[in-house]
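Trainee: Hey, got a minute? I'd like a quick walk through this one.
Mentor: Sure, let's pull it up.

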Amino acid sequence: MAHSRPEILTADTAGIDRAVAIWRKGGLVAFPTETVYGLGADACNGPAVAAIYQAKGRPGFNPLIIHVADLKTAERFAVFDDLARRLAAVFWPGPLSLILPIVPDSGLSPLVTAGLKTVAVRIPANPLARRLLGQFGGAVAAPSANPSGRISATTAAHVIDGLGGRIDAVLDGGACGIGLESTILYPASNPPALLRPGGLAAEEIERFLHHRLARRDDPLHPLSPGQLATHYAPRTTLRMNVKSPPKNALWLGFGPDCAGATLNLSPKSDLIEAASNLFSFLHRIDKQAEAEGKPLIAVAPIPETGLGVAINDRLKRAAAME
Ligand code: TXA
Ligand code: MG
């Protein structure tokens, strides 16, 4: 978007209208929550989600939290069982993110969850955030609004200081009340697991559940690896940097020189487009390889710049799973 970046939006109807308009066009708007400022984009718009990773300069694709205005909207994207519903009733809106199964065909970009089958979701308590999300109507993917490796932003000035030139706008709602990220809970394990301590004390959740949570480093209630964000990996062997694939391979292309590729992440060599296609194309090509009995997925070279670093990081992990 051609304007001086970022626009600073005021905490009123005009500011909210503008933020929603930017989200609908696929732009990036930082907004306040009760925990920290989030760097938000439409969670169903793949290139917009890719732009979040690009703006943060993250060297990998960590799954993101989706933010919604109400439970009805949350249920369009995440599957709530009885326990999840009770947790939501007690602790939402508030600083608790629940890791829940994704609703099939929810429309969420697979880049939001880095290809996982679960999604982190929360309803923030900040009234401005809820008005904003309510008017948007959908899910907003938002990591903390800081460059990778820096501390989270709790004022609009922090956001501008860290990400100023890389985002479209920041909605200035003053300082965040809690100043600490949300608590992340995985309710489906037995016992439910605390994946990240945060703004809601674990003891409060334990009092409600009448049970101790599983935690990292807790010998009595350890976290099993399956409860952590394990990365999606294709079942078929994957090889990177392949310029001319062997006959027994399916070819995942990148750029204009990949005539004959099974799928092309971005024929015009656009890394944002490639990132937004990455997880869905990996799933598709893996399925096709299995169906056709092909033992190898060959991936064309991807430049190690910008989002290419995160794409290559993901492919390296997949290649190492052989
Ligand atoms: O308070 C907060 O949570 C802030 C505000 C903006 O809402 N957001 C935030 O997002 O802290 P971020 O991206 O900095 O941290 C999200 C964390 C990551 O550590 C990620 O690994 C975890 O959530 N996460 C997201 N989806 C997950 C999933 N499906 N399974 C396990 N962990 C997940
Ligand atoms: Mg963060």
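**Helix pair and sheet**

Mentor: Let's start with two helices: helix 4 and helix 7 are oblique to each other. Keep in mind that this is a predicted model.

Trainee: What's the angle between helix 4 and helix 7, and how far apart are their axes?
Mentor: Helix 4 (residues 82–91) and helix 7 (residues 202–209) pack at about 125°, and their axes are 12 Å apart. An angle over 145 would count as roughly antiparallel and 65 to 115 as roughly perpendicular, so this pair comes out as oblique.

Trainee: Is the crossing left-handed or right-handed?
Mentor: Right-handed, as helix 4 passes helix 7.

Trainee: Which residues meet there?
Mentor: Helix 4 brings Leu83, Arg86, Leu87, Val90 and Phe91, and helix 7 answers with Glu204, Ile205, Phe208 and Leu209. Sorted by class, that contact has seven nonpolar residues, two charged ones and no polar ones.

Trainee: OK, switching to the sheet. What's the strand order?
Mentor: It's an open sheet of four strands, ordered 11-14-12-13, and the pairing is parallel. Strand 11 (237–239) and strand 13 (263–264) are at the edges; each has a single partner strand, so one side of each has no neighbour in the sheet.

Trainee: And how many bridges link strand 12 and strand 14?
Mentor: Four, in the parallel sense, between residues 249–253 of strand 12 and residues 296–299 of strand 14. Ala249, for instance, stands opposite Leu296 in strand 14.

Trainee: Which helix lies across strand 11, strand 12, strand 13 and strand 14?
Mentor: That's helix 8 (residues 271–292), which runs at about 165° to strand 12.

Methods. Residues numbered from 1 in each chain as written. Chains lettered and ligands numbered in written order. Predicted model: local features only at pLDDT ≥ 70, side-chain atom pairs only at ≥ 80, totals over all residues. Heavy atoms only, no water. Pairing = 2+ DSSP bridges. Contact = heavy atoms within 4.5 Å. Axes fitted to C-alpha atoms, helices over the stretch in contact; angles between N-to-C directions. Parallel < 35°, antiparallel > 145°, perpendicular 65-115°, else oblique. Left-handed = near helix turned anticlockwise from the far one by under 90°. Nonpolar A, V, L, I, M, F, W, Y, C, P; charged D, E, K, R; others polar.
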